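Biologist: Could you take me through this one and explain the labels as we go?

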Amino acid sequence: MSDILTALGDMLEQRKSAAPDSSYVASLYHKGLNKILEKVGEETTEAIIAAKDAERSGNNDEVIYEVADVWFHTLVALAQLGERPEAVVNELARRFDVSGLEEKASRTPK
């Protein structure tokens, strides 16, 4: 699984220097973080609707497709901010075997 995330991180990094008309990702970078975050919100809404539909239909294909879009666009946002997918994988690994309640309680209030 990490191989595809590493390859995706490499591709996202390469597209930062590409012309905006050369790829979808390059065009998002050119439009800036606000546009990227707008896409994250749009794709998240679509994933929520697909999940509700999947619960009724019993078919998860569309929700999987939409969640992939959410993941992709959040990775674009992270790349725009100078982070790679491995940062998220490392954070998930750090949280592994830690109770969600304990992890939440350990956060410092903002």
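**Reading the labels**

Modeller: Sure, starting with E43: beyond neighbours within four places in sequence, E43 is in contact (heavy atoms within 4.5 Å) with E66, D69, V70 and H73. This is a predicted model, where local features need pLDDT of at least 70, side-chain atom pairs count only at pLDDT 80 or more, and totals for chains, interfaces and linings use all residues. Residues are numbered from 1 along each chain as its sequence is written, and side-chain values use heavy atoms, leaving out hydrogens and water.

Biologist: Why is E43 called buried?

Modeller: Buried means under 20% relative accessible area, exposed over 50%, and partly exposed in between (1.4 Å probe, protein chains only). E43 has 5% relative accessibility, so E43 counts as buried. E43 belongs to helix 3, residues 33–57.

Biologist: And what makes E83 partly exposed?

Modeller: E83 has a relative accessible area of 40%, so the partly exposed label applies. You'll find E83 in the loop between helix 4 and helix 5 (85–95).

Biologist: Why is helix 1 called oblique to helix 4?

Modeller: Helix 1 (residues 2–15) and helix 4 (residues 61–80) pack at an angle of about 55°, their axes 10 Å apart. Under 35 degrees is roughly parallel, over 145 roughly antiparallel, 65 to 115 roughly perpendicular, and the rest oblique. So helix 1 is oblique to helix 4.

Biologist: Which residues make that contact?

Modeller: L5, L8, M11 and L12 come from helix 1, and F72, L75, V76 and A79 from helix 4.

Methods. Helices (H or I, at least four residues) and strands (E, at least two) are DSSP runs, numbered from the N terminus. Axes are lines fitted to C-alpha atoms, for helices over the stretch in contact, and angles run from 0 to 180 degrees between N-to-C directions.
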